[in-house]
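Here's a quick tour of a single-chain model. Have a look at the fold first, then read on.

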Amino acid sequence: MSHDHSQGADVAELFTQQTWDARYAGADRVWSGRPNRRLVEQVTDLPPGRALDIGAGEGADAVWLAGQGWDVTALDVSTVALERTARHAADAAVAARVTTLHHDLMTGEALPEGFDLVSAQYLHPPLERFAEIISILGDAVREGGLLLVVGHHPDDLATGLHSGHGHPELLFPPERVVDALDPATWDVTVADAQTREVAKDEGPVIVTDSVVLATRR
Ligand SMILES: C[S@@+](CC[C@H](N)C(=O)[O-])C[C@H]1O[C@@H](n2cnc3c(N)ncnc32)[C@H](O)[C@@H]1O
């Protein structure tokens, strides 16, 4: 994932521990260290409970949630990322509220259940497994709990910032998430394409996020 010559690589390679351990090991910090804006927007006013952060990366979201009083399970396929998450949680004095979980979503195995919030930020499952993976995430939400899925919208292909690493079909519109949610089980309260400005050396760029929030009945 760390290089554009992954263009055309087998999509499965984009979801392995080897790929992500190498990416994280290649830099002291891959992400900004700030919580994702869409998470903050959707969660700030919620009463804290148990949260599952899917593809937690270096733990900025998990640390922020823990600081808001949530008990967080930070899940990732990369043990390098999870070690970083644990260190950042300790540095922020919220280690007691952050548990790491090494798990490969591509196994299709069930996740722990009963979470008040399951959040997936910028995880882009393979197209042919998208509905299956969203369903697995949804099964981890308790009745009355929330599923928040955020990803890069296909409009971002035009910005040149997000290419899907040679697999443009990985970028998804909100409808792809909504279509994967059984309406008998889920009330979708947000299904939007939301823009934000990103500062780049060449000037500001407008990017678009797909944001879906659903409540389990
Ligand atoms: C684009 S990063 C997003 C990280 C973080 N959510 C953020 O927004 O900064 C995607 C994350 O998903 C994780 N991931 C990729 N494939 C995975 C898999 N098969 N199972 C679990 N996590 C995976 C990666 O290790 C990475 O941390």
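What follows goes from the confidence of the model to the overall fold, and then to a helix and a lysine.

## How far to trust it

Keep in mind that this is a predicted model. Confidence averages out at a pLDDT of 94 over the chain, with 96% of the residues at 70 or more. The exception to flag is residues 1–7, where the pLDDT is below 50. That stretch still has 10 contacts in the model beyond near neighbours in sequence. Where pLDDT is low, though, the predicted coordinates should not be read in detail.

## The overall fold

The chain has six helices and seven strands. Going along the sequence, they come in the order α-α-β-α-β-α-β-β-α-β-α-β-β. The radius of gyration is 16 Å, close to the 17 Å from the globule rule for 217 residues, so the chain is as compact as a globular protein of that length. If you're thinking about box dimensions, the C-alpha trace spans about 40 × 40 × 35 Å along its principal axes.

Among contacts with a separation of 6 or more, 68% link residues 24 or more positions apart. Buried residues account for 49% of the 217 in the chain.

## Surface and charge

About 10200 Å² of the chain is exposed, and carbon and sulfur atoms supply 49% of that area. On the charge side, there are 16 positive and 34 negative charges, and the mean positions of the two sets sit 5 Å apart.

## An enclosed helix

Helix α3 covers residues 60–67, and seven of its eight residues are buried, so the rest of the structure largely encloses it. The buried ones are A60, D61, A62, V63, W64, L65 and A66.

What do they pack against? On the helix side, the buried residues of α3 meet α2 (37–43) and α4 (79–91). On the strand side, their partners are β1 (50–54), β2 (71–76), β3 (98–102) and β4 (115–121). Just after the helix, G69 takes a positive phi of about 100°.

## A lysine in β6

K200 belongs to strand β6, which runs over residues 186–200. Is K200 buried, partly exposed or exposed? Its relative accessibility is 36%, which puts K200 in the partly exposed class, since that class lies between the 20% and 50% cut-offs.

Leaving out residues up to four places away in sequence, K200 touches L161 and V205. V212 is another story: it is 12 residues from K200 along the chain, and their C-alpha atoms are separated by 26 Å.

Terms used:
Residues numbered from 1 in each chain as written. Predicted model: local features only at pLDDT ≥ 70, side-chain atom pairs only at ≥ 80, totals over all residues. Heavy atoms only, no water. Helix = DSSP H or I, 4+ residues; strand = E, 2+ residues; numbered from the N terminus. Rg over C-alpha atoms; globule rule 2.2 N^0.38 Å. Buried < 20%, exposed > 50% of the residue type's maximum accessible area, 1.4 Å probe, protein only. Contact = heavy atoms within 4.5 Å. Areas by Shrake-Rupley, 256 points an atom, 1.4 Å probe, with all protein chains shown as cover. Lys, Arg positive; Asp, Glu negative; His and termini not counted. Charge placed at Lys NZ, Arg CZ, Asp CG, Glu CD. pLDDT = per-residue confidence, 0-100.
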